[in-house]
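Hi everyone, thanks for coming along. Please take a look at the structure on the screen, and then we'll walk through it together.

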Amino acid sequence: MTDEVAGIATRLAKHPFLAGMPDVHVQALAGLAHLQRWPADTRLFSEHRTADRFFLLEEGLVYIEMPIPGQEDMVLETVRGGEVLGWSWLFPPYVWHFSALTVAPTEAIVLAAAGVRERCEASPEFGYDLIRRVAGVAIQRLHAVRLRLMNLYDPTPPRR
Amino acid sequence: MTAMPGVIESAAAELVGSADSGTDPMLPHRYRVVRRRLETRDTVTQLLEPLDEPIPAFAPGQFAMLYAFGVGEVPISMSGDPSRVELLQHTLRNVGAVTGALCAARPGAVIGVRGPFGTSWDLNSAYGHDLVFIAGGIGLAPLRSALLQALSQRERYRRLVLLLGVRNPDELMFRKDLRSWKGLFDVDVEITVDRGAPGWRGQVGVVTTLLPQAPFDPDNAVAFVCGPEVMLRFTALGLSQRGVPAQRIRLSTERNMKCGVGLCGHCQLGPVLVCRDGPVFSYDRLAPLLHVREL
């Protein structure tokens, strides 16, 4: 393992998304990863483009958004340092459903999707571990969307 | 019946002023509006000074019954600095006839005030802890008093964290305070909106999404939560998942308070009367009641 890969493995192991993942899997992921920084207002990916990577954000803030013709892009939610960005890479047809834009300087560990998928196929134990983590995040975000649908802060107040 | 609000208001105010309002919790004290600040499109903060004997000093979290003479009375939490006993501050949203009349009251107008009623946030019992204030929408108003008190006694607490969720940036109230608190090195303020707007560069999502990464120690935190009941439930759940014990999660709830002193029963919530036993409850006491559909 090169120093660079070892450094990435250390950072991967510290990332909350991978907390508790066995070292052997973390080291395998490190070989598929690189570090990257972006200034604010950088588009990380766009809707309908190939989802060939995903991001473990270490610092920063990213909008997940959807372009609407004739209007400003609609911001659906934010993803912050310590969170994972992107899961379209995991399921066919491997295209982004939404777009992502940095709104603050952002640093992330970027993982190559094809390699991670291959690793999932080769090691069901690793694949199950990873899918469980992605599913956990998906459930949290679904939950948050449901709360927003309920108009959390303004359920029809009693008229007084 | 056609009401004559001006006549009714002045007659009622005169009647109230002649009574011994210093001893009877059912009699309002007269207060004059000295300043009115528009917080959002439909939310107003009224600053009130007493015309009679002032009501006793309040503790953050308590509420008063505000009386728009000739219209009606509503329970509204104190939103001001508890150390400023000479002035009351209430922030209210126009959602009906009474709150509409109270919101519309201009400087010089006289309104009735009874209170303070109910339980407080009890900041004194949180010495040495991280304080986590979590507000949804106008729920920031009752928490503002507690935050001001905590800031005035900053050395008594460890981290101070405010997590605030609103529907959109236009609904942010106490903007001056928020800017000031955000500028402090020893206070963490995180704001999220359900829906962004042009110029908004902050977080988007419900307030519960801020919980997993909020900078506090669950083993040593006391949480103070105020907002609509659905938000209380899910926020308390999120805090529990972070590891905050139920006894250290305090929720301010609301029911149809009328008398304010536990007599009329309008605000009954199972075995408790919210005006007397609340509005601030610990989660371990409130949780079994929040999940009873009939309550």
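Let me begin with a question for you: which residue in E2(B) is the bridge partner of Tyr31(B)? The partner is Pro50(B). Tyr31(B) has a partner in E6(B) too, and there it is Ile111(B).

Before we go further, please remember that this is a predicted model. For the complex, the predictor reports an ipTM of 0.85 and a pTM of 0.89. Chain B has an average pLDDT of 90, with 93% of its residues scoring at least 70. Two stretches call for some care. Residues 1–8 of chain B have a pLDDT below 50, and in the model this stretch makes five contacts beyond near neighbours in sequence. Residues 15–21 of chain B also stay under 50, and there the model has 14 contacts beyond four places in sequence.

Now back to the strands around Tyr31(B). Strand E1 of chain B covers residues 29–40, and four bridges join it to strand E6, residues 110–117, in an antiparallel arrangement. E1(B) also pairs with strand E2, residues 43–50, again in the antiparallel sense, this time over eight bridges. Between E1(B) and E2(B) there is a hairpin, and two residues make the connection.

Chain B has another hairpin I'd like you to find. E3(B) and E4(B) form it, with three residues between them. In the turn sits Gly70(B), whose phi is positive, at about 80 degrees. Strand E3, residues 63–68, runs antiparallel to E4(B), and six bridges join the two. One pair to look for is Phe63(B), which stands opposite Ser77(B). So how much of strand E4 of chain B, residues 72–77, is buried? Five of its six residues are, so the strand is largely enclosed by the rest of the structure.

One more stop in chain B is Arg276(B), which you will find in helix H6, residues 274–277. Is Arg276(B) buried or exposed? The answer is in between: Arg276(B) has 17 other C-beta atoms within 10 Å, so it counts as partly exposed. Leaving aside neighbours within four places in sequence, Arg276(B) is in contact with Gly118(B), Val261(B) and Gly262(B). Have a look at Thr119(B) as well: it is 157 residues from Arg276(B) along the chain, yet their C-alpha atoms are separated by 7.1 Å.

Let's move over to chain A. Its secondary structure comes to four helices and eight strands. Along the sequence, two helices come before the eight strands, and two helices follow them. Along the principal axes, the C-alpha atoms fill a box of roughly 65 × 30 × 30 Å. Of the 160 residues in chain A, 28% are buried. Among the contacts in chain A between residues at least 6 apart in sequence, 72% join residues at least 24 apart.

Within chain A there is an open sheet of four strands, in the order E2-E7-E4-E5, with antiparallel pairing. Why do E2(A) and E5(A) each have one side without a neighbour in the sheet? Strand E2 (43–45) and strand E5 (74–80) stand at the edges with a single partner strand each, so one side of each is left free of a neighbour in the sheet. On average, neighbouring strands here are turned by 30 degrees against each other, ignoring direction. Six bridges join E4(A), residues 61–66, to E5(A), and across that pairing Tyr63(A) stands opposite Thr78(A).

Helix H2 of chain A, residues 23–30, has three buried residues to point out: Ala28(A), Leu29(A) and Ala30(A). Among the elements that cover them are helix H1, strand E1, strand E8 and helix H3 of chain A.

Finally, how do the two chains come together? In chain B, 27 residues are in contact with 20 residues of chain A. On the side of chain B that touches chain A, helix H2, strand E8, strand E10 and helix H5 of chain B each give two or more residues. H5(B) gives the most, with three. By class, that side has eleven nonpolar, 13 polar and three charged residues.

The largest nonpolar core has 81 residues, and Val62(A), Val132(B), Phe133(B), Ala223(B) and Val225(B) touch the most other members. Another core, of 32 residues, lies apart from it and includes Met65(B) and Cys267(B). Thanks for listening!

Technical notes
Residues numbered from 1 in each chain as written. Chains lettered and ligands numbered in written order. Predicted model: local features only at pLDDT ≥ 70, side-chain atom pairs only at ≥ 80, totals over all residues. pLDDT = per-residue confidence, 0-100. Contact = placed C-beta atoms within 7 Å. Buried ≥ 20, exposed ≤ 12 C-beta atoms within 10 Å, placed from the backbone. Pairing = 2+ DSSP bridges. Axes fitted to C-alpha atoms, helices over the stretch in contact; angles between N-to-C directions. Nonpolar A, V, L, I, M, F, W, Y, C, P; charged D, E, K, R; others polar. Core = buried A, V, L, I, M, F, W, Y, C linked by C-beta atoms within 7 Å.
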